[in-house]
Amino acid sequence: MKFKKIFSTAKLSKRGLAIVSTVAVGLTTAQPVVANEKTITLSKQEFEQRVQASRLLVKEFAGNLQGTLKPALKGQGPVAAINVCNEVAPKLAQQFEQQTGWRVGRTSLKARNPDNAPDAWESAVLNKLEQKKAQNVAFSQLEYAEVVNFNGQPTLRYIKAIPTAQKPCLACHGSNIKPHVAAKIKMLYPQDKATGYHEGDIRGAFTISQPLSSDWFKRNLASE
Ligand code: HEC
């Protein structure tokens, strides 16, 4: 298997969820993590495998969403397609969660659904990715993985940025949303913040948290 260089940090802060450094350590060091007063060191190989398993799941999730959204937009238009985002995305996430025992979702610094709002770790990572984007880092490299103490469990958390495409994203996330589409969005999401995006912006991210106690990744990678 091949892996792209990704950014990771070695230390766990006292609060457990903050990023403590942005040093690019790639995939070279084992990461000691303290959770429930035990120190856990993840081998380089396991770290890599878990990151790769997260990537595979994101690919699957993104492919499923696009495969549903595009035909709906084309066939029924944006108002009907709102239901795809509204119902299909959370349902898919739930299915993946049941399959893996991980937490799977989408998040954003400007979320449409308040349930998707980032936690402290996610928003710190999203801010770092925004900085990288400003330095012209390619979208394919806007990802991040780190082992942290998450709800008392040593957990590999992984985030992958989602680009805003001109089509089909701007119909519902741009600055020129048609009034009848905007009205339906407003009705479903009175606290919507996810408008005003431009092509090429980071719309949000896939976010995956795998407790190290879950070994689903082994079976998943073995069947590759
Ligand atoms: C038909 C309207 C529509 C289109 C087109 C659309 N979205 Fe959304 N988007 C929504 C709705 C509705 C939600 C809220 C979903 C929920 O309740 O979880 C959402 C939520 C999201 C989220 C989760 C974070 C949040 O803001 O709640 C991301 C990420 C996202 N969209 C990305 C995209 C991208 C990327 C595209 C283009 C490929 C796109 N969307 C196209 C309507 C749309």
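Analyst: In this predicted model, a residue is called buried when its relative accessible area is under 20%. Both Arg-157 and Glu-122 meet that mark, so they are buried.

User: What makes Arg-157 and Glu-122 a salt bridge?

Analyst: The rule asks for a side-chain nitrogen of Lys or Arg within 4 Å of a carboxyl oxygen of Asp or Glu. The closest N and O atoms of Arg-157 and Glu-122 are 3.4 Å apart, so the pair qualifies. The two come from distant parts of the chain: Arg-157 sits in strand S5 (residues 153-163) and Glu-122 in helix H3 (residues 120-134), 35 residues apart. They also belong to a network with Arg-103 and Asp-119, joined by salt bridges that share partners.

User: How many salt bridges does that rule give?

Analyst: Seven salt bridges. Another of them pairs Glu-48 with Lys-44, at 3.6 Å from N to O. Both of these residues lie in helix H1 (residues 44-76), four residues apart, which is about one turn of the helix.

User: Why is Glu-48 called buried, and why does Lys-44 get the label partly exposed?

Analyst: Glu-48 has 15% relative accessibility, which is under the 20% limit, so it counts as buried. Lys-44 has 40%, which falls between 20% and 50%, so it is partly exposed.

User: What about Arg-50 and Glu-46: what makes them a salt bridge?

Analyst: Their N to O distance is 2.8 Å, which is within 4 Å, so the rule is met. They are four residues apart in helix H1, separated by about one helical turn. Arg-50 is buried because its relative accessibility is 1%. Glu-46, at 21%, is over the 20% limit for buried and therefore partly exposed.

User: How do you know that His-173 is a donor to the iron atom of the ligand?

Analyst: A donor N, O or S atom has to be within 2.8 Å of a metal such as this one. NE2 of His-173 is 2.1 Å away, so it passes, and it is the single donor from the protein. His-173 is found in helix H4 (residues 170-173).

User: What stands out about phi in Asn-136 and Asn-151?

Analyst: Most residues other than glycine have a negative phi. Asn-136 has a positive one, about 65 degrees, and Asn-151 has a positive value near 50 degrees. Asn-136 is in the loop between H3 and strand S4 (143-150), while Asn-151 is in the loop between S4 and S5.

User: Are those two asparagines buried or exposed?

Analyst: The cut-off for exposed is over 50%. Asn-136 comes in at 70%, so it is exposed, and Asn-151, at 68%, is exposed too.

Note on methods: Residues numbered from 1 in each chain as written. Predicted model: local features only at pLDDT ≥ 70, side-chain atom pairs only at ≥ 80, totals over all residues. Heavy atoms only, no water. Buried < 20%, exposed > 50% of the residue type's maximum accessible area, 1.4 Å probe, protein only. Donors = N, O, S within 2.8 Å, 3.2 Å for Na, K, Ca; no water.
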